[in-house]
Amino acid sequence: MTSIIQWNINGFFKRSVDINRVLFELNPLILCFQETNLKNSQRPNLKNFTGYIKNRTVANRASGGVALFIHKNIESKEVPIQTHLETIATIVELYKQICICNIYKPDSTPFTFSDIKNIIDQLPKPFILMGDFNSRNTSWGYNITDSRVPSMEWQVKTSYSGSDHWPIEIRIQNKNTSYDPPLKWNLSKPNWKLFSELVEHDLILNPIDLNVNITQEHIDSIVNDFSNIILKAANIAIGIKSRNIKLRTTPWWNSECNNAIKKYKQPLQKSKDPLDHILLKKSRAEARYITKTSKTLSWKNFTSTINHKIDPSAL
């Protein structure tokens, strides 16, 4: 299963806390951002990701822009697109080649069906179109439906956002492939004495003869037999950890942070009255303060527990 995050982040550097939470908790392989709000010379990096960036070149301030971040375990290459819209596209190697196209269309930018058709005609097939088209539909909670795109339904991740947009998680089922987490030995309480006895017992019953003419085929056979003896003993004396994958949560995120984000989101549903705008800015500042304070306190509490007896795995 490949997880893709589609998100108007309204400022790449300002949303670093939420971006890191998404990476830690959702473990996406592809990130699709709009309104990165970067200067033309800026090229941000994400650890373990290859970035494809298109910044707005004509602006009085850092605004707009799109970015695609593809995990380095996935082969990818950019697809050049000729359009007046802020657009970037890449081909990624999943279960087969798929083109991911990321578009940002501000409210002030003219937008017609021919604009989309022009982009589609340049994309290798199959492709996925993602982005922020600043479209409105009553099924999304708006009072009107515009003619920009047909009606759609989205499931959003409402737990994340210092931005004024919520991220959307898209999952692609990789056909004909399945992923199982790698097996790990349960080294918490290994019985090394039993392990040694089992290996020794098998070697006595099935001795390995090294006093013969050594050929490559014979070497391969010896390695295979000895590996099987070790694995058999390890399964009995050590055991394998469960493959159950636990949902990871950011350690400093708590109910107070959740409530602050919800309070911040409420003014977004109201009118453009100046009083609502003031309330929005106030609740956004409170949300930022609460999340930063929670992060700082969590780090201080954790570092205060570190001593020479701490389990290295906790670090």
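Asp121 sits out in the open: with a relative accessibility of 53%, Asp121 counts as exposed, because the cut-off for that label is over 50%. In this predicted model, the side chain of Asp121 forms a salt bridge with that of Lys117, with 3.1 Å from N to O. Both residues belong to helix H2, which spans residues 113–122, and they are four residues apart, or about one turn of the helix. Lys117 comes out at 43% relative accessibility and so counts as partly exposed. As a general point, side chains of opposite charge can pair when their charged atoms come close.

Helix H3 (residues 192–205) holds another pair with four-residue spacing, about one turn of the helix: Lys193 and Glu197. Their side chains meet in a salt bridge at 3.4 Å, N to O. Lys193 is exposed, at 62% relative accessibility, whereas Glu197, at 41%, is partly exposed. H3 also contributes to a bridge that leaves the helix. Asp202 and Lys232 pair through their side chains at 3.9 Å, N to O. Asp202 is in H3 and Lys232 is in helix H4 (residues 216–237), so this contact ties together parts of the chain that are 30 residues apart in sequence. Asp202 is a buried partner, since its relative accessible area is 12% and the buried label applies under 20%. Elsewhere, Asp18, Arg21 and Glu25 are joined into one network by salt bridges that share partners. The full count by this rule is six salt bridges.

Turning to the strands, E4 (residues 66–71) is mostly covered, with six of its six residues buried. The burial applies to both faces: Val66, Leu68 and Ile70 are on one side, and Ala67, Phe69 and His71 are on the other. What does E4 pair with? Strand E2 is one partner, antiparallel to E4 and linked to it by five bridges. Strand E3 also runs antiparallel to E4, and six bridges join the two. Leu68 turns up in both pairings: Cys32 stands opposite Leu68, and Leu68 is also the bridge partner of Tyr52.

The loop between E2 (30–34) and E3 (49–54) is home to Leu46. Is Leu46 buried or exposed? With 11% relative accessibility, Leu46 counts as buried, because that value is under 20%. Leaving aside residues up to four places away in sequence, Leu46 touches Phe12, Ile19, Leu23, Leu31 and Phe69. Of these, Phe69 is one of the buried residues of E4. Leu46 and Asn20 are 26 residues apart along the sequence, with 9.4 Å between their C-alpha atoms.

As for confidence, the protein chain has a mean pLDDT of 80, and 79% of its residues reach 70 or more. One stretch to treat separately is residues 149–153, where pLDDT stays under 50. For those residues, the model has seven contacts beyond four places in sequence.

Key: Residues are numbered from 1 along each chain as its sequence is written. Side-chain values use heavy atoms; hydrogens and water are left out. pLDDT is the predictor's confidence in each residue, from 0 to 100. Contact means heavy atoms within 4.5 Å. Buried means under 20% relative accessible area, exposed over 50%, partly exposed in between (1.4 Å probe, protein chains only). A salt bridge is a side-chain nitrogen of Lys or Arg within 4 Å of a carboxyl oxygen of Asp or Glu. Two strands pair if DSSP finds at least two bridges between them.
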